[in-house]
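I sat down with a structure that was new to me and kept short notes as I went. Come and look over my shoulder.

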Amino acid sequence: MDALLAEGYRFTGSELLATHVEGIDHRSLRTQVFHLEDPAADPAGFPALEVVFVNNVVGATVFVRRAARQFFWWRDKPPAVSFPVAHHEAGAVDLGPRVRDALASLAVKDRAPR
């Protein structure tokens, strides 16, 4: 989350939903979605993002997507990109490059026809 905040986003809230990321093994029946906004409203970026952390035995997979609060189910929301973070990396590794790569990939994926 710190790496996303360093990119200029700010935390605006979160919600716990009774949905899951499709294709990923979950240990919980609920998913916590974090909402971030870009106060600068950079036209080249995303004005709002949704971020989901899915924990696993080695760390977490971080999913990032353009915000779409009007949709409840994962499958109905815009496409997401993901990157892994191992437990031993948390707080010790600069995740800024992974976040920037994810945002660049998201921009490409978001423009692609569905």
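**Pocket, cavity and a histidine**

I looked up the lining of the largest pocket and found 12 nonpolar residues, four polar and one charged. For these classes I counted Ala, Val, Leu, Ile, Met, Phe, Trp, Tyr, Cys and Pro as nonpolar, Asp, Glu, Lys and Arg as charged, and the others, Gly among them, as polar. I should say early that this is a predicted model, where local features need pLDDT of at least 70, side-chain atom pairs count only at pLDDT 80 or more, and totals for chains, interfaces and linings use all residues. Residues are numbered from 1 along each chain as its sequence is written, and side-chain values use heavy atoms, with hydrogens and water left out.

I then read off a volume of about 280 Å³ for the largest pocket. Among its 17 lining residues, M1, F53, V62, V85 and L95 are the closest to the centre. A pocket here is an open set of points on a 1 Å grid over the protein atoms alone, with protein on both sides within 12 Å along at least five of seven lines; a cavity is a set where a 1.4 Å probe fits but cannot get out, and lining residues have an atom within 4 Å of a point. Helix 1 (2-6), strand 3 (48-56), strand 4 (59-66) and strand 5 (80-86) each give at least two residues to the pocket lining. Helices (H or I, at least four residues) and strands (E, at least two) are DSSP runs, numbered from the N terminus.

Next I turned to the largest cavity, which holds about 30 Å³ of space. I noted T19, T31, V33, E50, V52, W74 and K77 as its lining. Strand 2 and strand 3 each supply at least two of those residues.

That sent me to strand 2, where five of seven residues are buried (under 20% relative accessible area, with exposed over 50% and partly exposed in between; 1.4 Å probe, protein chains only). Strand 2 pairs antiparallel with strand 1 (residues 10-17) over seven bridges, and five bridges join strand 2 to strand 3, also antiparallel. Pairing takes at least two DSSP bridges between two strands.

Is H35 of this strand buried or exposed? H35 counts as buried because its relative accessibility is 3%. I found its side chain in a polar contact with the side chain of R69, at 3.4 Å (a pair of N or O atoms within 3.5 Å; within protein, one must be able to donate a hydrogen and the other to accept it, and residues adjacent in sequence count only if both atoms are side-chain atoms).

Methods: Grid points are joined across faces, edges and corners, and a volume is the space filled by probe spheres set on the points.
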